[in-house]
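Trainee: I should like to work through this structure by question and answer. May we begin once it is displayed?

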Amino acid sequence: MEQLIRLLNENARLSNAQLAVMLNKTEDEVANMILEAERQGVIRGYHVLVDQEKLGTPQVTALIELQVTPKRDRGFEVVADAVMQYAEVESVYLMSGSYDLLAVVTGADFKDIAFFVARKLATLDGVKSTATHFILSRYKDRGVVMNEEETVDRRSPIL
Amino acid sequence: MIDYDRILSKKAVRLRPSGIRKFFDIANSMEGVISLGVGEPDFKTPWQVRAAGIKNLERGETWYSANAGLAELREEISRYLHRRFRLSYDAKDEIMVTVGGSEAIDLTVRALVEPGDEVLIVEPSFVAYAPIVSLMDGVPVAIPTRAENDFRLTAEELRAHITPRTKLLVFPFPNNPTGAVMRREHLEEIAAVLRDTDIIVLSDEIYGELTYGAPHVSLASIEGMQERTVLVNGFSKAYAMTGWRLGYAAGPKPLLRQMLKIHQYAVMCAPTTSQYAAIEALKNCDADIRKMQQEYDMRRRFVVFSFNKMGLPCFEPQGAFYVFPSIASTGLTSQEFCEQLLYHKKVAVVPGDAFGESGEGYIRVSYSYSINHLMEALRLIEEFLQELDRR
């Protein structure tokens, strides 16, 4: 299973036939492994890794730190539930350390996100304070090095 | 003006230039070529090994080592050879550290070969053996291996090539470029031929960690073989350390003594920083080797399957990181196939005849690349074949 996940992580579009060859299994076995992983929620989905700049629809991403007053019985969940309802929010994490929740937010530009934080997040009941960190450059994203210069293979052909 | 042609060593000038150089110079000058030509791992040297090298540089312990290599490294090599291959070599005088496996090959030939001595070279194989033999005025004698024998050396073929002048057998398994391996039973047959002779074997086991299906068996571990074998190995392929230039030879004392003398005059010692890094590799990297080996194995199955599917019959390699599909069905020579593939699809593979005449009709494809890279290259090769059919 570990190898299967690793291969799909590298390229989720590998066909079952290709995976079967690499994993030394039958196509049916691979299909079942994937189905089972999906059923159990081990595999939660498949994503496209997009270079937004090349797509021509520039996008800004920010990491928003939220300090939250925990609610009786449900702790941070109430606020987390509210935060993750917004389409602008890509991910929400409960964090250890000096703040409580981390939200990854995308928008068309800096102003877009600033408005979203000021109007939607900061005003949520239970949110004490926010800190917004904009991503300026992506060097590596989900294991993929984004700068093509860095991925050039400098090995020479050797016999 | 100096007429260099007049003063250069005839022996050097006569050495066949690597025919493949020209081909790759063209490939390198083209934009966007997808190469399957490398002969080294695509993994980085494990981090803790690099860290050990950095630590050595930070401490500034960058002086020469003992000629034979750091005593601690030789101890670790001795332990490794025992742990992996059940071999017993005395770290003191039966192991020496060299500048890559290449230097160990060079030293073995130089310490043994007299003018006119015949050196048997199993082919197809790594390109350096015959030129080194020629530099010693030895006579390289190729023993071709065949696909129908799984590119193994058979006892009959070996016997048929032995003459009273045979001094050395170059025995390169797991094999570059075919990926062939010799299992214990095959080694026993070879040993039976050699045991009553004075022929020394240069057993180049640089790909010894990269076998699939069953662990590598060293020729030196077969009864009666240790006293007639120089075992060459190194860190390049197993630990992804090609640029560190570090290898070693293990063999009989009297032979090593001569090799060490030549080594001492030629290069003094192997790079010290690399030696410190290699100690870390041998001590703490067995798991890293296994992980890389598993990754290669996955790619190997995929590449073999893909070639067979597209109609280029491919022997299933059991070692190294190359496949060696036959391109005979295309009607092209190896060189023609590779040139046309490069021009039409910008994919670079190595013509099989670069590894000896018996490699004609084959191409060498390295799978030391990411799955995504391999998929793209294989797709283009398949397209190329379909267009060939239509022409």
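Trainee: Which residues make the nonpolar surface patch of about 520 Å²?

Mentor: Please keep in mind that this is a predicted model. One member of the patch is B:Tyr4, whose place is in helix α1 (residues 4-7) of chain B. The full membership of the patch is B:Ile2, B:Tyr4, B:Ile7, B:Leu8 and B:Val13.

Trainee: Does B:Tyr4 count as buried or exposed?

Mentor: The class exposed requires over 50% relative accessible area. B:Tyr4 has 51% relative accessibility, so the residue counts as exposed.

Trainee: How many aromatic pairs are there over all chains?

Mentor: Rings pair if their centres lie within 6.5 Å. By this rule, the count over all chains is 19.

Trainee: What is the geometry of the pair B:Phe151 and B:Phe315?

Mentor: The ring centres of B:Phe151 and B:Phe315 are 5.3 Å apart. Planes over 60 degrees apart count as edge-to-face. The planes of these two rings stand at 75°, so the pair is edge-to-face.

Trainee: How many residues apart in sequence are the parts that B:Phe151 and B:Phe315 tie together?

Mentor: B:Phe151 lies in the loop between β4 (139-144) and α8 (155-161) of chain B. B:Phe315 lies in the loop between α12 (286-309) and β9 (322-323) of chain B. Both residues are buried. The pair therefore ties together parts whose separation in sequence is 164 residues.

Trainee: What geometry do the rings of B:Tyr296 and B:Tyr367 have?

Mentor: B:Tyr296 is in helix α12 of chain B, and B:Tyr367 is in the loop between β12 (363-366) and α14 (371-390) of chain B, 71 residues apart. Both tyrosines are buried. With centres 6.5 Å apart and planes at 65°, the pair is edge-to-face.

Trainee: Which residues form one aromatic cluster with B:Tyr296 and B:Tyr367?

Mentor: B:Tyr296 and B:Tyr367 have already been described as a pair. The other members of their cluster are B:Phe43, B:Tyr207, B:Phe321 and B:Tyr322.

Trainee: Which residue in β8(B) is the bridge partner of B:Met96?

Mentor: Strand β2 (residues 95-98) of chain B pairs with β8(B) in the antiparallel sense over 4 bridges. Within β8 (residues 247-250), B:Gly247 and B:Ala249 point one way, B:Tyr248 and B:Ala250 the other way, and all are buried. The partner of B:Met96 is B:Ala249.

Trainee: Which residue in β8(B) is the bridge partner of B:Leu231?

Mentor: Strand β7 (residues 229-234) of chain B runs antiparallel to β8(B), and 4 bridges join them. The partner of B:Leu231 is B:Ala250.

Methods: Residues numbered from 1 in each chain as written. Chains lettered and ligands numbered in written order. Predicted model: local features only at pLDDT ≥ 70, side-chain atom pairs only at ≥ 80, totals over all residues. Heavy atoms only, no water. Phe/Tyr/Trp six-rings, centres within 6.5 Å; stacked < 30°, edge-to-face > 60°. Helix = DSSP H or I, 4+ residues; strand = E, 2+ residues; numbered from the N terminus. Buried < 20%, exposed > 50% of the residue type's maximum accessible area, 1.4 Å probe, protein only. Pairing = 2+ DSSP bridges. Patch = residues over 30% accessible without salt bridge, like charges linked within 9 Å, V, L, I, M, F, W, Y side chains within 5 Å. Areas by Shrake-Rupley, 256 points an atom, 1.4 Å probe, with all protein chains shown as cover. Salt bridge = Lys/Arg side-chain N within 4 Å of Asp/Glu carboxyl O.
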